[in-house]
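Me: Please take a close look at the charged side-chain pairs in this structure and set out where each partner lies. I should then like the account carried on into the surrounding helices and strands.

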Amino acid sequence: VPCFRTNLFHESNQDGLLGGLLVPWFDEQSCISRYQSTSHLKKLARSPSTHLVKRLREQEALQRRCGPGTETYRRAAERLEPRRNGTGTTHAEDDDDCKYLVLVPYRGLGNRILAMASAFLYAMLTDRVLLVHRGTSLPDLFCEPFQETSWLLPPDFPLRDLENLTGEVPESYRNLVREYGRAASVSELPYVFVDLDHACTYHDKLFYCDDHREFLHRAPWLVMRTDGYFVPALFLNPAYQEELDKLFPRKDSVFYLLARYLFHPTNKVWGLITRFYDSYLKNSDERLGIQVRVFDGDTPFKHVLDQILACTSQEHLLPEVVAQDPGPPASTAGARSKAVLMTGLSSWYFESIRGRYWQSATAAGEVVSVHQPSHEEHQLIGEATHDMKALAEMYLLSMTDAVVTSGWSTFGYVGHGLGGLTPWIMFKPENLTTPDPPCRRAASMEPCLHGPPFYDCRARRGADTGKLVPHVRHCEDMSWGLKLVHPAEI
């Protein structure tokens, strides 16, 4: 019997259900952000298609029918246990129609969120139950997205040490396609391992061309390890084209809609988000997010500060300041206010920009306040408190009106993607020099796939995959990467 929400939420409030993305039957108090986030985030930038809503309900039913705690899951998991003679059970004994995708996301939180969104879409396309390796912090970060079941891989899952699997294991997709004759024996394997690291091999990336009906459908268990957003590669596979077109008529909406469906912060994280937003951002006329990620070390760099100032000045995102003291300040009553949210490991960039607007007046009289929730100084991958702060800052970025992000940063991709914001992307500096131009408006709000395939699935040969279909193009911040765009806006 489903838990019904409190009277804080009304079933008739379709805005609260995000156009059908969400269902109303969760206990609201167990995950306040699920429904309350609509009062903090802007109106939906993209509406879900009726087909996407239908497929989400079907996926939810599949997760309940086959997920952890069911007899079907128990039988399927038992088949992963080695027999006493050392060989695994065969898929010939498999009389259930439930198939599973076990995701092992890794690296920073931005990487893991992008990996989870990608794996969920793949699970929907291939009718698999998604189970996510919980790592050290996942239950502290997100509410369960599915009712009456869990997307977390049970602690007693028979396969151990999943984090250390590599493409060299006998069960890897890489090895199976190297010797295509072995594809016939996939049903004899306990599972198939798919390695989609950003630096994976040519043979690993042939996974993106697998039409699932020819080969992988025979594997009840797929184990996937990935650190990024591989959705653009799925749009290159002819086998998924018709379904993806129905799911996402707007090709630039994939991450935005999936993220709004999947990633609801826990009550503790939501408290971090709302307290900061209500204290520092809520009452401003305009909110600008600036996300700073430096890949050359944790020491602050002047050329990065210069790049931030050049970008925000060039794009008229921050007001200019007067060079000389204008004399006694006039009353600021009625002046337009702008709140600047800065995120990053270092506080130096924040302090420099805050000092700029403290020491000098703005040319047009705007009141500028600059805020930074945390400055951890060093990235601590997988540490729960660190990840909770990072997630809070991603959501705070999504609550701004405009956002500037750092090129190559998955943290930035998630921040602007959650908010449906098309960012200004600052190019990654080379040789410790401010790039010229310092930034560029992105073609869409979609994240970038950093390790794309270079293979045409139809022609079965190498190709520039940024030129095969009109809605998959190379990224602004990474010339070889791929991202989704809406063709009419190219």
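**Charged pairs and their surroundings**

Reply: E71 has a relative accessibility of 41% and therefore counts as partly exposed. The model is a predicted one, and every value here is computed from it. The salt-bridge partner of E71 is R74, with 2.2 Å between the closest N and O atoms. Both residues belong to helix α3, which spans residues 71-78, and because they are 3 residues apart, about one helical turn separates them. R74 is likewise partly exposed, at 37% relative accessibility. As general background, side chains of opposite charge can pair when their charged atoms come close.

A second pair lies within helix α2, residues 50-66, where K54 and E58 are 4 residues apart and so about one helical turn from each other. Their side chains form a salt bridge with an N to O distance of 2.7 Å. K54 is partly exposed at 45% relative accessible area, and E58 is also partly exposed, at 36%.

The bridge between R107 and D227 has an N to O distance of 2.3 Å. R107 sits in the loop between β1 (100-105) and α4 (109-126), whereas D227 sits in the loop between β4 (221-226) and α8 (231-234), so this pair ties together parts 120 residues apart in sequence. The two partners also differ in exposure class: R107 is partly exposed, with a relative accessible area of 34%, while D227 is buried at 4%, because the cut-off for buried is under 20%.

Shared partners link some of these contacts further, since K54, R55, E58, D127 and E243 are joined by salt bridges into one network. In total, the structure holds 25 salt bridges.

The loop that carries R107 leads on to α4, and this helix packs against α15. Their axes lie 7 Å apart and make an angle of about 55°, so the two helices are oblique to each other. The crossing is left-handed. On the α4 side the contacts come from G110, N111, I113 and L114, which meet T410, F411, Y413 and V414 of α15.

The strands with which α15 is in contact belong to an open sheet of 6 strands, ordered β7-β6-β5-β8-β9-β10, with mixed pairing. At its edges lie β7 (367-371) and β10 (439-441), each of which pairs on one side only. From one strand to the next, the twist averages 20°.

Next to the edge strand β7 comes β6 in the strand order. Strand β6, residues 337-343, pairs with β7 in the parallel sense through 5 bridges. One residue pair in this ladder joins A339 to its bridge partner S369 in β7. Helix α13, residues 348-359, lies across β6 and β7 and runs at about 165° to β7. Helix α15, residues 410-419, also packs on the sheet and touches β5 (286-291), β6 and β8 (402-406), with its direction at about 165° to that of β8. Thus α15 has contacts with α4 as well as with strands of the sheet.

Terms used. Residues numbered from 1 in each chain as written. Predicted model: local features only at pLDDT ≥ 70, side-chain atom pairs only at ≥ 80, totals over all residues. Heavy atoms only, no water. Pairing = 2+ DSSP bridges. Axes fitted to C-alpha atoms, helices over the stretch in contact; angles between N-to-C directions. Contact = heavy atoms within 4.5 Å. Salt bridge = Lys/Arg side-chain N within 4 Å of Asp/Glu carboxyl O. Buried < 20%, exposed > 50% of the residue type's maximum accessible area, 1.4 Å probe, protein only. Parallel < 35°, antiparallel > 145°, perpendicular 65-115°, else oblique. Left-handed = near helix turned anticlockwise from the far one by under 90°.
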